[in-house]
Amino acid sequence: MPVDIAQYQSVLQTLSSSHTTLVAVSKTKPAADIQILYDLGQRDFGENYVQELTEKEAILPKDIRWHFIGHLQSNKVKYIAPFVHLIHGVDSFKLLKEIDKQAAKCNRKINCLLQVHIAQEETKFGLDEQELSEVVAALDTLQHVLVKGLMGMASFSNDTSKLREEFRTLKSLFDRYKNTQQPWSVLSMGMSSDYTIAIEEGSTLVRIGSLLFGAR
Ligand SMILES: *Cc1c(COP(=O)(O)O)cnc(C)c1O
């Protein structure tokens with residue numbers, strides 16, 4: 001399936017009134033598809049797999065802002081540390097410490113989001129409320145990570161009131177901690193199927209894949 005340029009423009013239109021950032025999720029799609037949106041001005045792209053990301057980063061334009069949105073294993077942080085723009089799925093302090101260590105080696109600071117478990121499904125990764133408060137309380141000890149906010153994934157469901165409720169939960173946690181340290185500015189929530197609800201509930205950044213690049 002080709003890149004849907006009309007859909008891309010329509011999504012941008014929808015996002016512009018709420019000043020929401022679009023991360024185009026390009027996992028499993030070829031570099032040529034990324035280049036098509038790049039040529040239209042898109043700069044934020046999201047990937048889920050470390051090896052796939054490093055291969056694409058090597059051949060695509062250097063001013064792309066790469067978002068790592070998958071589940072990141074500690075032993076793979078070093079491969080993306082030199083260039084990654086924002087790591088969305090940080091779900092343990094152990095992982096955050098490893099990112100801090102690798103960022104120090106690269107002599108940079110790495111932007112991160114803490115992932116919160118908001119869906120009903122057991123399978124989705126993320127911190128619960130208690131773990132979130134513990135991680136936030138320990139952030140002062142890390143010098144090379146900049147936590148910018150929160151990320152979450154709602155349930156796979158057609159029940160819009162349930163999705164809305166989950167997004168609201170995430171937004172209220174965001175509001176609770178957003179002024180604790182360095183002010184938070186990023187609330188990453190919303191995908192192809194639920195991004196309009198996420199925007200209504202206060203998302204500042206949506207991660208959209210299949211709507212733009214076709215089904216995977
Ligand atoms: C794949 C993925 C997306 C994009 O999903 P679509 O339904 O294709 O828009 C967004 N966020 C995360 C964390 C993903 O893994």
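This passage describes the ligand site and the pockets of a predicted model.

The ligand occupies the largest pocket. Its shell consists of 13 residues. The closest are K27, N48, S192, S210 and R216. Sorted by class, the shell around the ligand holds 6 nonpolar, 4 polar and 3 charged residues.

Polar contacts to the ligand involve both side chains and backbone. A nitrogen atom of the ligand lies 2.8 Å from a polar side-chain atom of R207. The side chain of R216 places an N or O atom 2.8 Å from an oxygen atom of the ligand. At G209, a polar backbone atom is 2.8 Å from an oxygen atom of the ligand. On its own, the ligand has 390 Å² of accessible area, and the protein covers 91% of this.

The largest pocket encloses about 720 Å³ of space. Its lining comprises 29 residues. Nearest the centre of the largest pocket lie K27, N48, M153, F156 and M191. Two elements, helix 7 (160-177) and strand 8 (205-208), each contribute at least two residues to this lining. The lining of the largest pocket divides into 11 nonpolar, 13 polar and 5 charged residues.

The second largest pocket has a volume of about 220 Å³. Among the residues that line it are K109, D140, Q143 and W184. The lining also includes L139, L142, V145, L146 and V147. Q181 and Q182 belong to it too. By class, the lining of the second largest pocket has 6 nonpolar, 3 polar and 2 charged residues.

Note on methods:
Residues are numbered from 1 along each chain as its sequence is written. This is a predicted model: local features need pLDDT of at least 70, side-chain atom pairs count only at pLDDT 80 or more; totals for chains, interfaces and linings use all residues. Side-chain values use heavy atoms; hydrogens and water are left out. A residue is near a molecule or strand if one of its heavy atoms lies within 4 Å of it. A polar contact is a pair of N or O atoms within 3.5 Å; within protein, one must be able to donate a hydrogen and the other to accept it, and residues adjacent in sequence count only if both atoms are side-chain atoms. Accessible areas come from the Shrake-Rupley method with a 1.4 Å probe; for residues, only the protein chains shown count as cover. On a 1 Å grid over the protein atoms alone, a cavity is a set of points where a 1.4 Å probe fits but cannot get out, and a pocket is an open set with protein on both sides within 12 Å along at least five of seven lines; lining residues have an atom within 4 Å of a point. A molecule sits in a cavity or pocket if more than half of its atoms lie within 2 Å of its grid points. Ala, Val, Leu, Ile, Met, Phe, Trp, Tyr, Cys and Pro count as nonpolar, Asp, Glu, Lys and Arg as charged, and the others, Gly among them, as polar. Grid points are joined across faces, edges and corners, and a volume is the space filled by probe spheres set on the points. Helices (H or I, at least four residues) and strands (E, at least two) are DSSP runs, numbered from the N terminus.
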